[in-house]
Amino acid sequence: MWLCGCRVEPVQRVLIIGPCGAGKSTLASTLGPLLDLPIFHMDQLNWKPGWVESSKEELRAKLQDITATKRWLIDGTYGGTLRERLERADTVVYLDYPVRLCVARLLRRIWTFKGRTRPDMTEGCAERFDPSFLLYVLRWNSGPRIRAEARLKGFEEKTLRFRNPAQLESWLGSLTLAAAGQSRS
């Protein structure tokens, strides 16, 4: 496998993080099949039907079962369990996008799926407008981002940071080319 122009060991355990609305789940749906990895969405692991949140113990138990396996792709930041996933991941994809882009994408997602469950969410959790969630995203840089970046300390060597969608698309293009080249060998 090729990452950032360098040959590396096969990517087996990928974590995708970033602000809400950055496109983590969308990336997971592209990257999982490309790397032939099973996909796990933190939103599906955390939420029960009717927007009932799992207990921290339930979520940790689910994640422990997944991260103990050899191959996975998990999308979602969820700071309370980030450390455990960072320790097991061999690659971290950090969508470090501007908040204004994430808010625009989040509003588009709400409009697109309003009243319906989106594919990366637990059935029975229909998309809705939640002012407190929007405020959380608007405050990403002053709280959640600071905490996430503090947790990333010590894992920089395995973290690929993309600051805009064009950088991500370029990287995905190089992966696709590398995969095509390997399939011809």
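**Fold, cysteines and selected residues of the predicted model**

At 22% relative accessibility, W51 counts as partly exposed, and this tryptophan is placed in the loop that runs between β5 (47-48) and β6 (52-53). The backbone of W51 has a phi near 60°, a positive value in a residue other than glycine. The structure described here is a predicted model, and the values that follow were computed from its atoms.

A second residue with a positive phi is D36, where the angle is near 55° and the residue is again other than glycine. D36 is likewise found in a loop, in this case the one between α1 (24-35) and β4 (39-41). With a relative accessibility of 58%, D36 counts as exposed, whereas W51, at 22%, is classed as partly exposed.

As to the overall architecture, the protein chain contains eight helices and nine strands. For a chain of 185 residues, a compact globule would be expected to have a radius of gyration near 16 Å, and the value of 16 Å found for the protein chain agrees with that expectation. Along the principal axes, the C-alpha atoms occupy a box of roughly 50 × 35 × 30 Å. Of the contacts in the protein chain that link residues at least 6 apart in sequence, 71% are between residues at least 24 apart.

Burial and surface composition were examined next. Buried residues account for 42% of the 185 residues in the protein chain. The accessible surface of the chain amounts to about 10,100 Å², and carbon and sulfur atoms contribute 57% of that area. The protein chain carries 29 positive and 20 negative charges, and the mean positions of the two sets lie 4 Å apart.

With respect to the cysteines, the structure holds zero disulfides. C20 takes part in no disulfide, its nearest cysteine sulfur being that of C102 at a distance of 8.3 Å; because a disulfide requires a pair of cysteine sulfur atoms within 2.5 Å, the separation of 8.3 Å between the sulfur atoms of C20 and C102 does not qualify. C125 is also in no disulfide, and the nearest cysteine sulfur to it, that of C20, is 15 Å away. Both of these residues are buried, C20 with a relative accessible area of 18% and C125 with a relative accessible area of 0%.

Two helical residues were considered in more detail. Q167 belongs to helix α8, which spans residues 165-184, and with a relative accessibility of 35% it counts as partly exposed. When its neighbours within four places in sequence are left aside, Q167 is in contact with R161 and F162. Q167 and L95 are 72 residues apart along the chain, while their C-alpha atoms are separated by 9.8 Å.

R147 is placed in helix α7, which covers residues 144-152, and this arginine is partly exposed, with a relative accessible area of 45%. R147 and E87 are 60 residues apart in sequence, and the distance between them in space is 16 Å from C-alpha to C-alpha.

How values were computed:
Residues numbered from 1 in each chain as written. Predicted model: local features only at pLDDT ≥ 70, side-chain atom pairs only at ≥ 80, totals over all residues. Heavy atoms only, no water. Helix = DSSP H or I, 4+ residues; strand = E, 2+ residues; numbered from the N terminus. Rg over C-alpha atoms; globule rule 2.2 N^0.38 Å. Buried < 20%, exposed > 50% of the residue type's maximum accessible area, 1.4 Å probe, protein only. Contact = heavy atoms within 4.5 Å. Areas by Shrake-Rupley, 256 points an atom, 1.4 Å probe, with all protein chains shown as cover. Lys, Arg positive; Asp, Glu negative; His and termini not counted. Charge placed at Lys NZ, Arg CZ, Asp CG, Glu CD.
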